[in-house]
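New to this one? Take a look at the model first, and then we'll walk through a few spots together.

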Amino acid sequence: MAADHVDVLIVGAGLSGIGAAVHLGRDCPGKTYAVLEARGAIGGTWDLFRYPGIRSDSDMYTLGYSFKPWTDPKAIADGDSIRAYVRQTAREYDVERHIRFHHRAVRAEWDSATARWTVHARRDDTGEDVTITCGFLFTNSGYYRYDSGYTPRFPGVERYAGTLVHPQHWPDDLDYTGKRVVVIGSGATAVTLVPAMAERAAHVTMLQRSPTYVIALPSRDPFADAARRWLPPKAAYTVARWKNVALGVANFQLSRRAPGVVKRFLRRAAKGRLPAGYDVERHFSPRYDPWDQRLCVVPDGDLFTVLREGRASVVTDTIDTFTEHGLRLASGEELPADIVVTATGLNLLALGGMTLAVDGADVDLASTVAYKGMMLSGVPNFAMTIGYTNASWTLKADLVATYVCRLLRHLDETGQQIVTPLAPDTDDLAPIIDLQSGYVLRAVDQLPKQGPRAPWRLHQNYPRDVRLMRHGPLTDGVRFARAGVPAAATSGGTDA
């Protein structure tokens, strides 16, 4: 049976995958495409995670799409609202009919003789194997492993008689009303869970091995509210978006150039929202510099509010062992718990677990170098979306999709069929993700690298990337060819 064929195959129907499909439909209307989605619904992360209080960790004026204004007054939005926004976008731009649900992409094989990818997928609902060919493969599956989160091995956990939950697999029927809850962790998930669960729980304790930088921001953006009163919706959205981009870039640059200044500011801000005498140094003063890991945003300071009111508490210590009724800490303190939530992080999984091969040779992702943060050296007609670590994911996703469309049009206009990034001639390489978070460090050896300078270097700077991705050259660091030219023949040199 002949395989289905499309010009572009998009993998993933989450926030970035739906955005990629919209860009493709608008900017390359003659291209046929399909979207493979391993799960049974649109939304990706925002459909998978259902724990209490789930929300964006950045503002919706930058997390929203460039082409579809976010009109909800909430700047920091809940998961349900974000999921509805993504699904509405898919309906509005006629993407839904292109999605093939329950199709998990497992392997993709490039053939230079035909200039095609053959993608092998497994239907999780029927167990059927499906084959699809395409001229360009565009993965938008993020880098988290969806089937399991990260949980370290805790001593004594087998004798714990209470309920143990990981946020990635939150039970629909979990009732925590009046219960004593311990949330293990200090990242974005933990600081979201604690105030949300404190509304009904008897008490919530956030148990952290080390603190994280936490910053309070208003859940509504006064600037955006004013802009909506005076400007048309599209213009109001654009100015609010660029205002937040500018603030984000300034915050990141200041953190890198004067980390001590930002540390003191964040410490004073936390101190001002906590009870007098609170041990801010112990519980809210990390050992690392700001933006070595992502800052945790708490809308309207809700975490500080429940701490101030005594409905929640923070304990900074390490776990000695689980007991039958809770946890015993290294200090000897006992934490009773009816429910323990292990908000201990996620596992990385590049390309959603899909493997790649080029002309019969398997691709080792760790030996590739990322081109403009979106293509891989030696891998033809392939792009992936990896969002910013210091700003909203969608800012970068929009730029990547725009660039892919520019590249596809360039291929058509020049009569070429293949574009292959050529690895830079340097040993000065670094991981593609430059955070020091545990989930990154555990998987850094499995990820592509980045080079010392553009177009092989990620600068985590949206205005700079706008110039590079929307208006910069398409021919730097790559080679173009027609079908029949082996990818190995384009392994050296660059075209300027």
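## T385, tucked away

A residue counts as buried when its relative accessible area is under 20%. Keep in mind that this is a predicted model. T385 has a relative accessible area of 4%, so it's buried. You'll find T385 in the loop between β21 (382-384) and α11 (393-414).

Which side chain makes a polar contact with that of T385? It's N140, and the contact is 2.7 Å. Setting aside neighbours within four places in sequence, T385 also touches other residues, among them S16, F138, T139 and W393. A397 and V400 are on its contact list as well.

## G17, in a helix

Now hop over to G17, which sits in helix α1 (residues 15-27). G17 is buried because its relative accessible area is 0%. Beyond its neighbours within four places in sequence, G17 is in contact with I10, G12 and N140. So N140 turns up for T385 and for G17, given that contact means heavy atoms within 4.5 Å.

For a sense of scale, try G17 and D317: they're 300 residues apart along the chain, and their C-alpha atoms are separated by 40 Å.

## The second largest pocket

This pocket holds about 810 Å³ of space. Its lining is made up of 37 residues, with D59, L217, N244, L247 and G248 lying nearest the centre. The elements giving two or more residues to that lining are β10 (214-217), α7 (233-257) and α8 (259-273).

Which element gives the most to the lining? That's α7, with nine residues. Sorted by class, the lining has 22 nonpolar, nine polar and six charged residues.

Methods: Residues are numbered from 1 along each chain as its sequence is written. This is a predicted model: local features need pLDDT of at least 70, side-chain atom pairs count only at pLDDT 80 or more; totals for chains, interfaces and linings use all residues. Side-chain values use heavy atoms; hydrogens and water are left out. Helices (H or I, at least four residues) and strands (E, at least two) are DSSP runs, numbered from the N terminus. Buried means under 20% relative accessible area, exposed over 50%, partly exposed in between (1.4 Å probe, protein chains only). On a 1 Å grid over the protein atoms alone, a cavity is a set of points where a 1.4 Å probe fits but cannot get out, and a pocket is an open set with protein on both sides within 12 Å along at least five of seven lines; lining residues have an atom within 4 Å of a point. Grid points are joined across faces, edges and corners, and a volume is the space filled by probe spheres set on the points. Ala, Val, Leu, Ile, Met, Phe, Trp, Tyr, Cys and Pro count as nonpolar, Asp, Glu, Lys and Arg as charged, and the others, Gly among them, as polar. A polar contact is a pair of N or O atoms within 3.5 Å; within protein, one must be able to donate a hydrogen and the other to accept it, and residues adjacent in sequence count only if both atoms are side-chain atoms.
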